[in-house]
2 protein chains.
Amino acid sequence: MSAQPGPRQGYHHGDLRSALLDAGLRLLRARSVDDLSLRELAREVGVSAAAIYRHFPDKNALMAALAVEGLERLGQAQRRAMRAAGGGKAGFLASGMAYVRFAVDHPALFRLVYSAAQQCDPLDAQLDSVSSALRGLRQDIEALMPADAPPAERKAAALHAWALVHGLAQLMLDGQIPIDWRLVERVLSRVSLD
Amino acid sequence: MSAQPGPRQGYHHGDLRSALLDAGLRLLRARSVDDLSLRELAREVGVSAAAIYRHFPDKNALMAALAVEGLERLGQAQRRAMRAAGGGKAGFLASGMAYVRFAVDHPALFRLVYSAAQQCDPLDAQLDSVSSALRGLRQDIEALMPADAPPAERKAAALHAWALVHGLAQLMLDGQIPIDWRLVERVLSRVSLD
């Protein structure tokens, strides 16, 4: 392994890509997707705009990659929370809280994930990876349901859990409900896993 | 009462306001809020742009009025569905289905309602009426819960119902889940009202 390059120096191909994604996610914490430009991202990472275009031909390509990266981090946060709570009902609760918390902590990224998925063109492999990541998230939720339940009930239970945390997240992001974690926990406790 | 004026003729003050709202809601069924202009609305109703400005000084004022009108129609649709189903658990189910159906039938209006509420400035009486209408909707949901439940549980149960239908609606509008009414019904049936 060569020494880690500092900022404003040369990047190895893969290093620059992940540095750009890190910087993109960092910038998205403070501003909306519309306010983020490739030029600003280049400045942030200390490379030329031309260097960015080798990885992301346009802003849409960067946004799709950020959406995939965001979904992976969301999934990791949920799985980490579930494991820490020891699985089962407590794990479901922790995983749901992690979903809502992720949305509140990364509002622009959370909105980006869903708007990127909406624009998915099945012919576009990069955008399609957003859908795959979302499918993974759905399967994680279904895995929480009892294995012996009829498929239609498993599906309904998984959608119940997903729609509920998604609705809570959206209502919080739209300023409709306060960010009250005790209330969120009380709401999620009402969900039956059978 | 004077005779109803036809289009492209003179309107009484209140008639023009409601004709503008009707036309605005109609136009929003086919396009996004960004694609709707006061000029187009004037053309649709057959009046001059100046006539519109007497009711709505700018596009934001029109959008706030459309959001309030949209919320009232959403509330009516839910109450009608609840009554038709005879109240109780069946009424809750019908009311929840009506919420999701409204979002699917009026995607731009549904999104407008929540973005208008988000931009609410408490000093602006017109935008504040969006919040009041949303408060009314929340109270309608709370009224479904058993009156003898502890207040914290009532609040959690009402939020559970609201977040769930809101999440289902958003996931459908974002193309994440199919528009499958049987599945929606199965999901809503899982909610306990106690």
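In this predicted model, B:Leu38 comes out as partly exposed, since 18 other C-beta atoms sit within 10 Å, short of the 20 or more that would make a residue buried. B:Leu38 belongs to helix α2 of chain B, which covers residues 38-45. Setting aside the neighbours within four places in sequence, the contacts of B:Leu38 are B:Ala49, B:Ile52, B:Lys59 and B:Leu62. B:Gly86 is another story: 48 residues separate B:Leu38 from B:Gly86 in sequence, and their C-alpha atoms are 42 Å apart in space.

B:Asp140 can be read in much the same way. This residue lies in helix α7 of chain B (residues 125-143). B:Asp140 is also partly exposed, because 16 C-beta neighbours fall inside 10 Å, and that count lies between the limits of 12 or fewer for exposed and 20 or more for buried. Beyond the neighbours within four places in sequence, B:Asp140 is in contact with B:Gly75, B:Gln78 and B:Arg79. Take the pair with B:Arg79: B:Asp140 is 61 residues from B:Arg79 in sequence, yet the C-alpha to C-alpha distance is 8.3 Å.

Turning to chain A, the domain assignment splits the chain into domain 1 (8-57) and domain 2 (63-189). Where these two domains touch, 9 residues of domain 1 are in contact with 9 residues of domain 2. On the domain 1 side, those residues sort into 5 nonpolar, 2 polar and 2 charged.

Next comes the contact between the chains, to which chain A gives 26 residues and chain B gives 26 residues. On the side of chain A that touches chain B, the elements giving two or more residues are α6 (107-118), α8 (151-173) and α9 (181-189). Helix α8(A) supplies the largest share, at 13 residues. By class, this side of chain A holds 14 nonpolar, 8 polar and 4 charged residues.

How are the two copies related? A turn of 180 degrees, with a shift of 0.0 Å along the axis, lays chain A on chain B with an RMSD of 0.0 Å. The copies are therefore related as by a two-fold rotation axis. Within chain A, A:Gly167 has the C-alpha nearest that axis, at 1.8 Å. The interface fits this picture, too: 100% of the interface residues of chain A are interface residues in chain B as well, so the copies meet through the same surface.

Key
Residues numbered from 1 in each chain as written. Chains lettered and ligands numbered in written order. Predicted model: local features only at pLDDT ≥ 70, side-chain atom pairs only at ≥ 80, totals over all residues. Helix = DSSP H or I, 4+ residues; strand = E, 2+ residues; numbered from the N terminus. Contact = placed C-beta atoms within 7 Å. Nonpolar A, V, L, I, M, F, W, Y, C, P; charged D, E, K, R; others polar. Domains from an automatic or database assignment. Least-squares fit on C-alpha atoms with pLDDT ≥ 70 in both.
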